[in-house]
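The following exercises are to be solved with the sequence and the model at hand. Each task is followed by a worked solution.

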Amino acid sequence: MSLDRALAPDPYDLLPQVPSFTVTSADVTDGQPLDELYAHTSVGGKNLSPQLSWSGFPDETRGFVVTCFDPDAPTGSGFWHWVLVNLPVSVTALDRGVDPLPDGAFCVRNDYGERGYGGSAPPPGDRPHRYVFAVHAIDVDRLEVTPDATPAYVGFNLAFHTLARATIRPTFEVRG
């Protein structure tokens with residue numbers, strides 16, 4: 001079986017441009033391989049979400065949404081690993097393996113069907129996958145979505161409420 005295919009575009013290159021701000025991590029580095037701590041248990045990882053911190057977002061920010069998306073999954077629609085909704089504006093960092101979530105925040109189901117972070121698990125032998133961790137600064141206290149919303153529906157709502165976005169893109173591969 002061959003997984004040869006065109007390189008998928010970065011999803012944020014396809015959306016209306018918004019200003020950026022800064023996201024940093026003690027755990028992941030832009031363009032560098034993820035540690036197995038952040039990989040899914042199905043590939044021997046610990047399935048922990050990485051530590052993230054952000055700053056420099058617009059003054060009018062009223063809340064945040066944090067997502068992780070793999071555009072390189074061989075699905076035709078990528079793979080949502082994490083969609084953390086309705087973080088209060090007072091929250092500007094998440095600890096590794098964040099639990100419990102800050103008051104009012106929740107996760108919608110990722111593409112594993114779980115409400116929470118789902119670590120990287122590309123097919124063995126496939127090229128390195130990009131994991132786009134994004135922090136979206138939003139202009140409302142809460143997106144009008146429920147925990148039963150899909151990641152696509154959250155993304156649709158983000159299109160109308162994102163003031164600015166910060167991204168960090170580590171990679172991961174499972175050698176075959």
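**Exercise 1.** In this predicted model, determine where Tyr153 is found, and decide whether Tyr153 counts as buried, partly exposed or exposed.

*Solution.*
Step 1. Tyr153 belongs to helix 1, which covers residues 151-161.
Step 2. The relative accessibility of Tyr153 is 42%. Buried requires a value under 20% and exposed a value over 50%, with partly exposed in between.
Step 3. Tyr153 therefore counts as partly exposed, given its 42%.
Step 4. Together with Phe156 and Phe160, Tyr153 makes a nonpolar surface patch of about 360 Å².

**Exercise 2.** Locate His40, classify His40 as buried or exposed, and list the residues that His40 touches beyond four places in sequence.

*Solution.*
Step 1. His40 is situated in the loop that lies between strand 1 (22-24) and strand 2 (52-55).
Step 2. His40 counts as buried because its relative accessibility is 11%, and the cut-off for buried is under 20%.
Step 3. Leaving aside residues up to four places away in sequence, His40 touches Gly45, Asn47, Tyr112, Glu114, Gly119, Ser120 and Ala121.
Step 4. The side chains of His40 and Ser42 are joined by a polar contact of 2.9 Å.

**Exercise 3.** State the order of the five strands in the open sheet, and describe how strand 3 is joined to strand 8.

*Solution.*
Step 1. The order is 6-4-3-8-9, with antiparallel pairing.
Step 2. Strand 6 (106-107) and strand 9 (162-168) are the edge strands, each pairing on one side only.
Step 3. Strand 3 (residues 63-70) and strand 8 (residues 132-138) run antiparallel and are joined by seven bridges.
Step 4. Opposite Phe64 stands Ala137 in strand 8.

Note on methods:
Residues numbered from 1 in each chain as written. Predicted model: local features only at pLDDT ≥ 70, side-chain atom pairs only at ≥ 80, totals over all residues. Heavy atoms only, no water. Helix = DSSP H or I, 4+ residues; strand = E, 2+ residues; numbered from the N terminus. Buried < 20%, exposed > 50% of the residue type's maximum accessible area, 1.4 Å probe, protein only. Polar contact = N/O pair within 3.5 Å; in protein donor to acceptor, adjacent residues only side chain to side chain. Contact = heavy atoms within 4.5 Å. Pairing = 2+ DSSP bridges. Patch = residues over 30% accessible without salt bridge, like charges linked within 9 Å, V, L, I, M, F, W, Y side chains within 5 Å. Areas by Shrake-Rupley, 256 points an atom, 1.4 Å probe, with all protein chains shown as cover. Salt bridge = Lys/Arg side-chain N within 4 Å of Asp/Glu carboxyl O.
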